[in-house]
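Subject: Structure handover

Hello,

Here is the structure you asked about, followed by notes on what turned up in it. Please read the notes with the coordinates open.

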Amino acid sequence: MADQLGFPLRVLGYILGGIVGLAMVVFGLLEMITFQYKLFLAGVIMILEGLVVLILELPLLAYSSYQSHVFVLIVQMIEKFLSLPYLLRAFTYFVMSAAPILIAGLSQSTILGCGVLFLFSVYYGVIGIGKRGDASRSEEILVS
């Protein structure tokens, strides 16, 4: 899959993944500063999802600590995830972004943190559609 995508889009995906992961962790911490258990739980989930996004999109974080057996398993899971089609990645991130909103409702931190992850899933969805959504090809189908 990676060789079908150009180098600039891959690098942009890594950069966006790092930003999204950090945003999820920060907004998860902000979400946890509350006295309501639902918001606290959503904050914990957002932090965990942010760490998962960071590890999946920036594999150097896991490769640098490659000395433990646990990290060997994590690296193998990352390689499996990176070989998935882009539309499946987009669906995975979409489901991850919906979970805290379903738990906590529409608080500001939840909307901002999960919204960033949702936009990242849209990025992977657009990449997954790729040439199949070509406008000239659509015009040929409509004309004939």
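**Helix α1 and its surroundings**

The cover over the buried residues of α1 includes α2, α5 and α6. Keep in mind throughout that the model is predicted. The buried residues of α1 are Gly13, Gly17, Gly18, Val20, Gly21, Ala23, Met24, Val25, Gly28 and Glu31. The helix has 26 residues, which at 1.5 Å a residue should span 38 Å, and the end C-alpha atoms are 38 Å apart, in agreement.

Two residues of α1 are worth selecting. Val20 touches Val53, Val116, Leu117 and Phe120, leaving aside residues up to four places away in sequence. Glu31 counts as buried because its relative accessibility is 4%, against a cut-off of 20%. With the same sequence neighbours left out, Glu31 touches Leu39, Phe40, Ala42, Gly43, Ala104, Ser107, Ser109 and Thr110. One of these, Ala42, is eleven residues from Glu31 in sequence, with 7.2 Å between the C-alpha atoms.

**The chain as a whole**

The protein chain has seven helices and zero strands, so the pattern along the sequence is simply α-α-α-α-α-α-α. Of its 144 residues, 33% are buried. Among contacts with a separation of 6 or more, 66% join residues 24 or more positions apart. The chain exposes about 9,000 Å², and 74% of that comes from carbon and sulfur atoms.

**Helices α2 and α6**

For α2 (37-57), the 21 residues should span 30 Å at 1.5 Å a residue; the end C-alpha atoms are 30 Å apart, which agrees. Its buried residues are Leu39, Ala42, Gly43, Met46, Ile47, Glu49, Gly50, Val53, Leu54, Leu56 and Glu57.

Helix α6 covers residues 108-129; its 22 residues should span 32 Å at 1.5 Å a residue, and the 31 Å between its end C-alpha atoms agrees with this. Its buried residues are Ser109, Thr110, Gly113, Cys114, Leu117, Phe120, Ser121, Tyr123, Tyr124, Gly125, Ile127 and Gly128. These pack against α1 (7-32), α2 (37-57) and α5 (86-104).

**Nonpolar core**

Which residues touch the most other members of the largest nonpolar core? Within this set of 17 residues, they are Val20, Val53, Tyr93, Leu117, Phe120 and Tyr124. At least two residues of this core come from each of α1, α2, α4 (69-82), α5 and α6. The most come from α6, which gives six residues. As background, nonpolar side chains tend to be buried together in soluble globular proteins.

**Aromatic residues**

There are eight aromatic pairs. One of them is Tyr93 with Phe120, a tilted pair with 5.3 Å from centre to centre and 40° between the planes. It counts as tilted because that angle falls between the 30 degree limit for stacked and the 60 degree limit for edge-to-face. The pair links distant parts of the chain, since Tyr93 is in helix α5 and Phe120 in helix α6, 27 residues apart. Tyr93 and Phe120 are both buried. They also belong to one aromatic cluster, made up of Phe81, Tyr86, Tyr93, Phe120, Tyr123 and Tyr124.

**The loops on either side of α6**

The loop between α5 and α6 contains Ser107. Is Ser107 buried or exposed? Its relative accessibility is 18%, so Ser107 counts as buried, though the cut-off is 20%. Apart from residues up to four places away in sequence, Ser107 touches Glu31 and Leu39. Glu31 belongs to helix α1, and Leu39 is among the buried residues of α2.

At the other end, Gly130 comes just after α6 and has a positive phi of about 50°. Gly130 sits in the loop between α6 and α7 (135-143). With a relative accessible area of 41%, Gly130 is partly exposed. Gly130 and Tyr86 are 44 residues apart in sequence, and their C-alpha atoms are 9.7 Å apart in space. Tyr86 is one of the residues in the aromatic cluster described above.

Regards

Conventions: Residues are numbered from 1 along each chain as its sequence is written. This is a predicted model: local features need pLDDT of at least 70, side-chain atom pairs count only at pLDDT 80 or more; totals for chains, interfaces and linings use all residues. Side-chain values use heavy atoms; hydrogens and water are left out. Helices (H or I, at least four residues) and strands (E, at least two) are DSSP runs, numbered from the N terminus. The expected span of a helix is 1.5 Å times one less than its number of residues. Buried means under 20% relative accessible area, exposed over 50%, partly exposed in between (1.4 Å probe, protein chains only). Contact means heavy atoms within 4.5 Å. Accessible areas come from the Shrake-Rupley method with a 1.4 Å probe; for residues, only the protein chains shown count as cover. A nonpolar core is a set of buried Ala, Val, Leu, Ile, Met, Phe, Trp, Tyr and Cys residues joined through side-chain atoms within 4.5 Å. Rings of Phe, Tyr and Trp (its six-membered ring) pair if their centres lie within 6.5 Å; planes under 30 degrees apart count as stacked, over 60 as edge-to-face and the rest as tilted.
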